[in-house]
Amino acid sequence: MAQAAFAPEPAPQSPDPTSPSPGSIDRPTGPSFDVLRWHDEPWTAQLALDLLPETNGPKVEVLSGSVIVTPHAGYDHQNAELDLAYLLKQAARREKLWLYAEANIVSGADLFIPDIVLLDVPGGGRTTMDIGHAVLLGEVVSPGNRRKDVIDRPREYAAAGVPFFLRVDLRNRVPTIALFELTDGEYRPVSAAAAGTTFVMRQPFAFSIDPADLLGEEAPVEEAEPLGQGADAEGDVEG
């Protein structure tokens with residue numbers, strides 16, 4: 001579950017500086033998630049990049065001064081994200097646009113990691129890119145995190161002036177894809193399609209797909225997850 005950065009009250013200092021008290025906090029000398037225990041100032045994108053280690057695990061984002069940690073989503077989410085990113089990448093390169101999956105995007109003091117990132121310049125050799133280079137940002141909706149992917153992130157991306165937003169929804173294992181274009185400060189729908197039909201977009205580049213192609217095979221019954229641990233239980237809490 002995602003959570004805001006936690007910082008307990010600092011332990012009192014030992015009278016003898018060479019002999020710290022048992023409750024004192026050993027502060028790391030390099031990037032470490034231990035910093036979440038003692039950093040009690042508002043977080044910024046730069047602070048997170050400087051103090052927290054790079055990871056291929058949970059998403060670590062910064063929003064309004066808090067660190068938000070989100071576990072990886074379920075297998076349907078991963079399958080859709082990887083397949084869609086691969087297909088979009090091929091089409092984008094023909095238009096001299098660069099597409100990445102789960103890349104760092106900095107917007108002022110905030111740090112976002114969208115599922116799909118389309119840039120007007122290549123990101124090779126960089127750790128982050130400014131949101132001003134984003135042509136399209138996309139999110140695959142997580143079952144337990146719908147508000148963030150459907151309401152919060154589009155609103156934040158629109159406020160930053162990102163021209164297009166792409167949303168993939170896998171609810172009930174019936175994939176839908178919707179493209180939105182920024183108009184007068186808000187995203188307006190341009191194209192949408194559900195599984196069994198064809199999603200077509202012409203901007204920012206030409207692309208088409210049956211959303212059903214993004215759904216992987218269902219897990220065998222004998223390997224189903226324990227009750228309460230499936231896709232409907234997935235989610236996070238932002239603070």
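This report describes a predicted model of one protein, moving from its overall make-up to its nonpolar cores, its salt bridges and a few individual residues.

## Overall make-up

The protein has 239 residues, of which 39% are buried, and its chain forms 4 helices and 13 strands. About 13300 Å² of the protein is exposed, and carbon and sulfur atoms supply 52% of that area.

When contacts with a sequence separation of 6 or more are considered, 49% of them are between residues 24 or more positions apart.

## The nonpolar cores

The largest nonpolar core holds 26 residues, and the members that touch the most other members are L88, L118, L166, F199, F205 and F207. Two or more residues of this core are given by each of the following elements: helix α3 (75-93) and the strands β6 (116-119), β8 (134-140), β9 (164-169), β10 (176-183), β12 (199-201) and β13 (207-209). Helix α3 supplies the largest share, with 6 residues.

F199 can serve as an entry point for a reader who wishes to look at this core on the structure. Leaving out residues up to four places away in sequence, F199 touches L166, I177, A178 and L179, then S191, A192 and A193, and also F207, S208, I209 and P211. Apart from this core lies another one, of 17 residues, which includes L119, A158, V162 and Y187.

## Salt bridges

Across the whole structure, a search finds 9 salt bridges, and three of them are described here. In the pair formed by D152 and R147, the closest N and O atoms are 3.4 Å apart. The two partners fall into opposite classes of accessibility, because D152, at 12% relative accessibility, counts as buried, while R147, with a relative accessible area of 51%, is exposed.

R153 and E156 form another salt bridge, in which the closest N and O atoms are 2.9 Å apart. Both residues belong to helix α4 (residues 146-159), and because they are 3 residues apart in that helix, about one helical turn separates them. R153 is buried, with a relative accessible area of 1%, and E156 is buried as well, with a value of 18%. The third pair joins R173 to E218, with 3.9 Å between the closest N and O atoms. This pair links distant parts of the chain, since R173 is in the loop between β9 and β10 and E218 is in the segment after β13, 45 residues apart. R173 counts as partly exposed at 29% relative accessibility, whereas E218 is exposed, with a relative accessible area of 61%. Salt bridges that share partners also join E61, K148, R153 and E156 into one network.

## Two buried residues of helix α3

E81 is placed in helix α3, and at 3% relative accessibility this residue counts as buried. Not counting residues up to four places away in sequence, E81 touches A101, E102, D115, I116 and V140.

A92 is also placed in helix α3, and its relative accessibility of 0% means that A92 counts as buried. Outside the residues up to four places away in sequence, A92 touches L97, L99, L118 and F205; of these, L118 and F205 are among the residues of the largest nonpolar core that touch the most other members. A92 and L119 are 27 residues apart along the chain, and their C-alpha atoms are separated by 9.5 Å.

## A buried residue in a loop

V141 is found in the loop between β8 and α4, and with 4% relative accessibility V141 counts as buried. When its neighbours within four places in sequence are left aside, V141 is in contact with H77, R146, D149 and V150, and also with R167, V168 and D169.

Another way to place V141 is by its distance from R171, a residue 30 positions away in sequence, for which the C-alpha to C-alpha separation in space is 8.2 Å.

How values were computed:
Residues are numbered from 1 along each chain as its sequence is written. This is a predicted model: local features need pLDDT of at least 70, side-chain atom pairs count only at pLDDT 80 or more; totals for chains, interfaces and linings use all residues. Side-chain values use heavy atoms; hydrogens and water are left out. A nonpolar core is a set of buried Ala, Val, Leu, Ile, Met, Phe, Trp, Tyr and Cys residues joined through side-chain atoms within 4.5 Å. Buried means under 20% relative accessible area, exposed over 50%, partly exposed in between (1.4 Å probe, protein chains only). Contact means heavy atoms within 4.5 Å. A salt bridge is a side-chain nitrogen of Lys or Arg within 4 Å of a carboxyl oxygen of Asp or Glu. Accessible areas come from the Shrake-Rupley method with a 1.4 Å probe; for residues, only the protein chains shown count as cover.
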